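Here is a short set of exercises to work through with the model open in your viewer. Try each task before you read its solution.

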Amino acid sequence: MSARGINKNFGGVPALADVSIDLIPGEVHCLAGENGCGKSTLIKIISGAERPDSGEIIIDGVSFAQINAHAAIQGGIQVIYQDFSLFPNLTVAENIVLTAEVAVGRRLYAPASIRPRAEAILQELDIDLDLDREVGTLSVADKQLTAICRALVNDARAIIMDEPTTALTHTEVSRLFALVERLRTRGVALMFVSHKLEEVLAISQRLTIMRSGRQVVSGPTADFDQRSISSYMTGREVDDSRVVSELDVNAPLALEVTNLSLAGAYRDISFGLHKGEILGVTGLLGSGRTEIAESLFGVEVADEGQIRVAGEVVAIRSIQDAVAAGLGYVPEDRLSQGLFLDKSIADNIVAASLQSHRTRWGMLSRTQTAATIKRFFVGLKINARNADAPVRTLSGGNAQRVVLAKWLATEPTVLMLNGPTVGVDIGSKEEILELLRVEAAKGMSVIIISDDAPELVAACHRVLVIKNGRLTHVLEGDQISVDTIQERMSA
Amino acid sequence: MSQKSPRRDEAPSSTSHPVRQFNDQVGSWTRRVARPTGVQRGAGRMVVALLLAVALFTILNPRVFLSPINLQNIAVAAPEIGIIAIAMMLVMLTGGIDLSLVAIANFSAITISTLHTAVAASDPGLADNLGFLIVLAGIVAGMLGGAFNGFLVSVVGITPILATLATMQIYNGIAIVWTGGSTLYGAPTMLGAIGQAAVANIPLLFIIFVFTAVLVAVLVNRTALGRMIQLEGANTVAARYSAIPRRAVLMKTYTGGGLLAGLAGVLFLARNPTASADYGSSYVLLVIVIAVLGGTNPNGGFASVFGVVLATLTLQVVSSGFTAIRLSSYEYAIAQGVILITVMIIDSISSTRTKRPKKTKAPPGADTTTSDAALVRT
């Protein structure tokens, strides 16, 4: 399959300009680029979800000026989107086989005929999945496997995966990579969309980098290294090395946690956080790292233990308690927990600090809110025409800046961020970390909860490693490196 | 009202132009006027609808429709429906609904009428002196009804449509048992006076309606509570993570809805000194129609008080217009449905036209096509 000279405009703005890409059987082709560079648009055009303005798509030597979703599937092109497009209320077996059954126009559904086909594909790929479970109850990684199996049942000869590793843990990623390798040897052409550099280098044979709708460079992956990829992606040199300010050892404790426990999640967690310190909390998915943060923020109230904020013992029984005590939390799931997508950037920025913008008469002060909105809209370089634009129209990096602005507006003593740069492109990622460094230097304390080791290395004074609900290691100074963090996390 | 007349003069002259052009003109004009006051799209389209309705019935039967009595009737009948619709809007703003509003309004009216009759039986003069307190008791009864709804929805956690369906039956049932199903006569004389009074030919009832609408608009747009109500409706999970106290917000919203319904009950009595449990039974669904027509998003988070006021007037105009051209209330019911569907269709057409690039929904987390475009532009 190949696409030649694809052009696409949205409302007069070019989203793709003269992009050409080839998928060769038995090869993994990586499509890399920052958020908003046109990767998703290209996938949609190849899969027939969008029409190109010009250009052609060639499948098995047959040229299409545009292709519809049906023809793309007939041609063996399968896209695995980030949400997998599965039916959560059906079983794994049904999800794997049903679309193929529908495609051949079968009118009656026979459960007995479904199972053998689903079993066969699992065996072929050497995957372990419970066929009778409802897909809605599966983990993200297992949903992904289900989607891959479904693609293969549909005789996929080209599989396009859109950011497949975003929600996976390290072990799951390596499992996925092994599977991709098996698919490749079977002669499937794969396209892997990602903005994680290590992955790109590890998995692909061929690489295409896009920036602002243009194809910047294409070639064998062996010709690239991390530095060259990121400079092609961002158009500038990105410095991801460790930048940590000197911390005043006598700085008072902003947060002190003693023997915090929550049954079934974590036990006996104790640590201190200095004023102006950036503390990393890491661990595998399910290690308890998220639950600890959510307890501090009053989402899941801890069973026992003591929390002191700026020296005062505080009882955190609700999110309101936590915010009143001076804690802020940028949640893991930005889209559903962090943002009011249809509301304007302005409304989002002041959402958590409404009470502090009141006048004596209980009204919102227009001048004060406008000042706050302007301060953060400009200060955080949120890229939108104006602050009245709905947050839904923003890219990942900009949306995350809005969540950040919402919490900075509350002037928290301690700001906790869970996966602050998930789904954020490299350029924005560096800028968000720099923003945290600046705020920390001004006296705010920061906790970054993340399993992205390079990010922790880049910004944190200390890193706590959580394993099976226990605080197992505290890394400081020179101990903080990508290798040690990953080793301690999974060891 | 004064803004309307120049538009009406211009409407016939623009018949030579394409209708769409006229529509766009009106749209941009209303947007210009409406933008500074923070009014949203719901208001713009309702201005057009109201003008169309007025124009239509003026052409069909100018003598009856434009008669002072008819206009007076519209201005006197609209407030009670309008205030309940505003209450409905307020509750829908949180993503909920309150089916018991009309029952609460009747309950309030019955409370006032019963109290008045009881006091008047011993001392008519005292009843008139206590008129204000008696009316206040009715409004408080409404607030209590709303507060109970709020309790069920926020503390107990029952789905709003079910909770208020149940309380609608309860309040209605209590009212029937209490009155024995009969119509009560008698209300404080001050209410009768209010019902009859007018300032510069504008009925006092209508002024109360506008005043209430302005107060609620200020509450929704200019207070912390109002913003919290909007945010709660826009995304309840994000609202929780933004430390917005869900229980308190819902409690206040439903109590506020009950208060407005109680006020509507007072207006029932002011118009007509009788109270019964089955008054205005057709209002329950009508106010939902009005709220949605006025630009309230049924999923919550977005609404315009001005839009709801205009929608109220539009439906009143249609109602009295139908009477003027001798159509029945059944045909009016058909018209309500047709208007609602038409506005929704126009809405979805205009929103797909402006949002064409977003036609295919990107999977969550993926770069949306608009953000692609935005980045390309920079």
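**Exercise 1. Take stock of the two chains.** How many helices and strands does the secondary structure of chain B come to?

*Solution.* Start with chain B of this predicted model: its secondary structure comes to 18 helices and four strands. Next, look at burial, where 50% of the 378 residues of chain B count as buried. Then turn to contacts: in chain B, among those with a separation of 6 or more, 76% are made by residues 24 or more positions apart.

Now repeat the steps for chain A. Chain A has 17 helices and 20 strands. Of its 491 residues, 56% are buried. Of the contacts in chain A between residues at least 6 apart in sequence, 67% join residues at least 24 apart.

**Exercise 2. Describe how two helices of chain B pack.** At what angle do the axes of helix 6 and helix 14 of chain B cross?

*Solution.* Two packed helices are described by the angle between their axes and the distance between the axes. Find helix 6 (residues 101-122) and helix 14 (residues 246-271) of chain B: their axes cross at roughly 55° and come within 7 Å. That angle makes helix 6 of chain B oblique to helix 14 of chain B. The crossing of these two helices is right-handed.

Now list the residues that meet. From helix 6 of chain B, the contact includes B:Leu101, B:Ile104, B:Ala105 and B:Ile112. From helix 14 of chain B, the partners include B:Gly257, B:Gly258, B:Gly262, B:Gly265 and B:Phe268. Sorted by class, the contact of helix 6 with helix 14 of chain B has 10 nonpolar, seven polar and no charged residues.

**Exercise 3. Judge two helices of chain A.** Is helix 5 of chain A largely enclosed or open?

*Solution.* First locate helix 5 of chain A, which covers residues 140-153 and has 14 residues. From its first C-alpha to its last it reaches 20 Å, close to the 20 Å expected at 1.5 Å a residue. Next, check burial: 12 of the 14 residues of helix 5 are buried, so this helix is largely enclosed by the rest of the structure. Among the buried residues are A:Asp142, A:Arg150, A:Leu145 and A:Ile148. Just after helix 5, A:Asp155 takes a positive phi of about 55°.

Helix 9 of chain A, residues 289-296, can be treated in a similar way. It is mostly covered, with seven of its eight residues buried. The buried residues include A:Arg289, A:Glu294, A:Ile292 and A:Leu296. After helix 9 of chain A comes A:Gly298, with a positive phi near 80°.

**Exercise 4. Place two residues with positive phi.** Where is A:Asp268, and where is B:Asn201?

*Solution.* Begin with the background: most residues other than glycine have a negative phi. A:Asp268 is not a glycine, yet its phi is positive, about 50°. Its place is in strand 12 (residues 266-274) of chain A. With 37% relative accessibility, A:Asp268 counts as partly exposed, since that class lies between the 20% and 50% cut-offs.

B:Asn201 is another residue other than glycine with a positive phi, near 70°. Its place is in the loop between strand 2 (198-199) and strand 3 (202-203) of chain B. At a relative accessible area of 69%, B:Asn201 is exposed.

Key: Residues numbered from 1 in each chain as written. Chains lettered and ligands numbered in written order. Predicted model: local features only at pLDDT ≥ 70, side-chain atom pairs only at ≥ 80, totals over all residues. Heavy atoms only, no water. Expected span 1.5 Å × (residues − 1). Buried < 20%, exposed > 50% of the residue type's maximum accessible area, 1.4 Å probe, protein only. Axes fitted to C-alpha atoms, helices over the stretch in contact; angles between N-to-C directions. Parallel < 35°, antiparallel > 145°, perpendicular 65-115°, else oblique. Left-handed = near helix turned anticlockwise from the far one by under 90°. Contact = heavy atoms within 4.5 Å. Nonpolar A, V, L, I, M, F, W, Y, C, P; charged D, E, K, R; others polar.
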